[in-house]
Amino acid sequence: MIGDPWMLSEPRPGIGGFTARFESVGRKLPARRVTTAELMASTRHHTSIDLERLTGITERHVCSKGEDSLTLATDAARDCLARSRHPATDLEMVISASITRHDGDAIHRFEPPLSLTIKEAIGAPRAINFDISNACAGMLTGVFLLHDFIRRGVIRCGMVVSGEHITGLGTNAARSIRTILSPQLASLTLGYAGAAVIVERAESGQPGILRTGFTTLAAHSRLCVGLPATHEPGAKMFTRARKIHEVAMVDGPPLVQQILDDAGLRLDEIDWLIPHQTSVRAIRTGEKVLAERLGEHPKHVVVTVDEYGNTASTTLFLALHRYLTERRLARGDKVLLLSVASGLEVGVVVFVVDELEQTHDHAH
């Protein structure tokens, strides 16, 4: 067990503030798809690695010419607004949370921030805007921040948005991978996507977001490192995936237990656990270990990585969007979003589904 791990957490709703809720969720998936078989056929050394069997990933969406981090994020934001009762002018804050910040094929942009261009593109010029970077936990970190601003009464409504154009990582890995032990193997699991979510102040009596919390296990910060590529454009990512998984299996369950205790819930009361999507095998192993450590199972564990790949910061809300669209979530369901990201970051958001399940497909 880890002693008092949550360095950043929120009081329960109704204690010193307002309740926040998810109002709408949007996404953007590139039309082009690449199967795992096609990807592995492109490796320079034609390895015998059976990546599909190893990860459970059959395909992923990838960008075509003219698509980048900015276009994915902007299109996801527009989709989110199309499902919302809010016009863009209601947004008081726009947070861009992507790891990749590509504006065009060769530009990784820091200034001006992507959030500025996104809010102007969607028609929210007066919203406060800023970019954050917290690896694959980026969007959940943005929700954590918005929740705090809303809970304290600073704002009533805001958006978190991300567009992940993981350019170069998979291509560069395909040039050099020879064996299953390659530290770049995880780069071949990545997919491209945009996602956006609007968080607003809940009406009195709505359950909304029950609890949020984040912690950093900084001793493990070197287990996944991104560096500029030396002889190719873009970057390379070096991951000790097995070690990250081992750390998550040891340190993750007590963190989840603490956030559930703070929310007054048991794991078997969670209807849908949506974990970060790295591989089918990792999710199933994590589900088993979590149940062994906490003595209970969630009712359902969401898996979307098989069709989307690991879409970095967008993965949780891509999954939430899909399950809302497929009408799998019902009013009153309790959902736990679990982010495990490089850093090593662990974030949890627990919320209750309200009219979101009815209004999701009522685009206007």
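**Charges, fold and a covered strand**

Trainee: How far apart do the centres of the positive and negative side chains lie in the chain?

Mentor: Glad you started there, and keep in mind that this is a predicted model. The chain carries 40 positive side chains and 42 negative ones. Take the centre of each set, and the two points lie apart by 4 Å.

Trainee: Which secondary-structure elements does the chain hold, and why can it be called as compact as a globular protein of its length?

Mentor: The count gives 11 helices and 14 strands. For 364 residues the globule rule gives 21 Å, and the chain's radius of gyration is close to that, so it is as compact as a globular protein of that length, at 19 Å.

Trainee: What share of the residues is buried?

Mentor: Here a residue is buried when its relative accessible area is under 20%. Of the 364 residues in the chain, those that pass make up 59%.

Trainee: What part of the accessible surface belongs to carbon and sulfur atoms?

Mentor: Nice one to ask. The accessible surface of the chain totals about 15,000 Å². The part that belongs to carbon and sulfur atoms is 53%.

Trainee: Which strands pair with E8, and how many bridges join each of them to it?

Mentor: Let's look at E8 itself, residues 193–201, where 9 of 9 residues are buried. Strand E2, residues 20–28, runs antiparallel to E8, and arginine 21 stands opposite glutamate 200. Strand E7, residues 157–164, also pairs with E8 in the antiparallel sense, with glutamate 164 opposite alanine 193. The partners are therefore E2, with 8 bridges, and E7, with 8 bridges, by the pairing rule of at least two bridges.

Notes. Residues are numbered from 1 along each chain as its sequence is written. This is a predicted model: local features need pLDDT of at least 70, side-chain atom pairs count only at pLDDT 80 or more; totals for chains, interfaces and linings use all residues. Side-chain values use heavy atoms; hydrogens and water are left out. Helices (H or I, at least four residues) and strands (E, at least two) are DSSP runs, numbered from the N terminus. The radius of gyration is taken over C-alpha atoms; the globule rule is 2.2 Å times the number of residues to the power 0.38. Buried means under 20% relative accessible area, exposed over 50%, partly exposed in between (1.4 Å probe, protein chains only). Accessible areas come from the Shrake-Rupley method with a 1.4 Å probe; for residues, only the protein chains shown count as cover. Lys and Arg count as positive and Asp and Glu as negative; His and the chain ends are not counted. The place of a charge is taken as NZ of Lys, CZ of Arg, CG of Asp or CD of Glu.
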